[in-house]
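Visitor: I would like to learn how to read a few features of a structure like this one. Could you take them one at a time, giving the general idea and then the case at hand?

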Amino acid sequence: MSRPRVRDDLAPMEGYHSPQMDVDVRLNTNESPEPPPAEFDIALRDRLDSINWHRYPDRTALQLRESIAEVESGAAGRALDADQVFVANGSNEALQSVCLAYGGAGRSVATFEPTYALHSHIAKIAGAEVISASRDENFNLDLGAAEELITSWKPSITFLCSPNNPTGAVETTQTIETVLKLVESVDGILVVDEAYGQFAAHSALELVSEDRSLLVSRTFSKTWSAAALRLGYLIGPSWAVSDLFRVVLPYHLDAFKQIAGRVALDFHHEMEARVAFLVEERGRVATALDELPLDQWPSGANFILFRPRAVPGDELWNRLVESGVLVRNCASWPGLTDCLRVTLGTRAENDRFLVALQEVLG
Ligand SMILES: *Cc1c(COP(=O)(O)O)cnc(C)c1O
């Protein structure tokens, strides 16, 4: 039988996956260790009656975008409008919409490695050329390299991730402003991926305005304890949001998801309490890691990147799995030789991780 050949440019690529294993303690995908509050389930059930299942949902998801604008006005420090919010099935789909609208064939997309693999992955699938600069040896952005990359290639999209996955580094507002100026000087757009934004002390949302080429993405997957919901959003100038509506499929956000997202936002304070708990655990785990023969990087997210000094990363990862603890093995990722990334879990899960780690390294 003859079969169609996948696009030539996709042939060398593999789909993205995060290996899952059946172990007791799963600290590998940066999800929230706690589900949403029980009241979320009850409130959601109560609202299901309002869905007209035989009708298409609101194509613009207006009420959900209004609720997001209201909640995020806090982080932005000023009122945001629903027309400055774009929503999609996970922030990855929102980022894909950006790549479809502004990337694509004949254009380039800039990343600073190591960073979230999906930025370059999605950009390539959308047909753009990905150009990258390396971060310095502490995984900080090298502004000289950024200037060189942006002014010579004039990328139509530049990605930053803050807090950066997998290193945890938070970019300062000044760094973001500097990169934004460079991006605007070549008529590009800057996307700051803030999937972990609520775990950090400050946000690029403060910089969003109608006259800046800046989009900030966030997600319900991590801080909102709703990875199963597949809901994410971008906040930026209304003209960019209009451009994203040109490329997204009609009725892309189903009626159930629009309601579930609004109900989740009603539990804003509970979300903040869970985030505050994880930030406290981050401090506790980082202090415990300081006592062990490893290097770790300061994190503004719900995970910590670390590298054992005397044992290869692969070996440590295997020993942790044998003890029933799964962390993310980054040891073979470019620029991350021997590094592992642990997601902060419940207090009991973090203790299991620390005990298992001490047994191998201690
Ligand atoms: C987890 C993560 C996302 C989330 O993607 P969703 O599609 O919203 O689940 C986006 N960006 C980064 C950097 C992430 O780590």
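Visitor: How many Å separate a polar side-chain atom of Tyr 196 from an oxygen atom of the ligand?

Guide: Before I answer, please keep in mind that this is a predicted model. A polar contact is read as a pair of N or O atoms within 3.5 Å. Here a polar side-chain atom of Tyr 196 lies 2.6 Å from a ligand oxygen, that of Asn 165 lies 2.8 Å from an oxygen atom of the ligand, and for Lys 222 an N or O atom in the side chain is 3.3 Å from such an oxygen. Taken alone, the ligand exposes 390 Å², and the protein buries 93% of that.

Visitor: Which residues surround the ligand most closely, and what classes make up the shell?

Guide: The ligand is surrounded by 13 residues, the closest being Ser 91, Tyr 196, Thr 219, Ser 221 and Lys 222. Sorted by class, this shell holds six polar, four nonpolar and three charged residues.

Visitor: Where are the cis peptide bonds of Pro 163 and Pro 166, and what are their omega values?

Guide: The angle to read is omega. The bond from Ser 162 to Pro 163 is cis, with omega near -10°, and another cis bond joins Asn 165 and Pro 166, with omega about 15°. Pro 163 is found in the loop between strand 5 (157-161) and helix 6 (173-185), and Pro 166 is likewise placed between strand 5 and helix 6. Asn 165, then, takes part in a cis bond and also brings a polar side-chain atom to the ligand, at 2.8 Å from an oxygen.

Visitor: Is Phe 139, with its positive phi, buried or exposed?

Guide: For such a label one reads the relative accessible area, where buried means under 20%. Phe 139 has phi near 70°, although it is not a glycine, and lies in the loop between strand 4 (129-134) and helix 5 (143-153). Its relative accessible area is 5%, so Phe 139 is buried. Tyr 251, in the loop between helix 7 (238-247) and helix 8, also has a positive phi, of about 55°, but with a relative accessible area of 32% Tyr 251 is partly exposed.

Visitor: What lines the second largest pocket?

Guide: A pocket is read from its volume and its lining. This one has a volume of about 270 Å³ and is lined by 16 residues, with Gln 63, Ala 255, Gln 258, Ile 259 and Arg 262 nearest its centre. Helix 2 (62-76) and helix 8 (255-265) are the elements giving two or more residues to that lining, and helix 8 supplies the largest share, four residues. By class, the lining has eight nonpolar, four polar and four charged residues.

Conventions
Residues numbered from 1 in each chain as written. Predicted model: local features only at pLDDT ≥ 70, side-chain atom pairs only at ≥ 80, totals over all residues. Heavy atoms only, no water. Near = heavy atom within 4 Å. Polar contact = N/O pair within 3.5 Å; in protein donor to acceptor, adjacent residues only side chain to side chain. Areas by Shrake-Rupley, 256 points an atom, 1.4 Å probe, with all protein chains shown as cover. Nonpolar A, V, L, I, M, F, W, Y, C, P; charged D, E, K, R; others polar. 1 Å grid on protein atoms, 1.4 Å probe; cavity = no way out; pocket = protein on both sides within 12 Å on 5 of 7 lines; lining within 4 Å. Points joined across faces, edges and corners; volume = space filled by probe spheres on them. Buried < 20%, exposed > 50% of the residue type's maximum accessible area, 1.4 Å probe, protein only.
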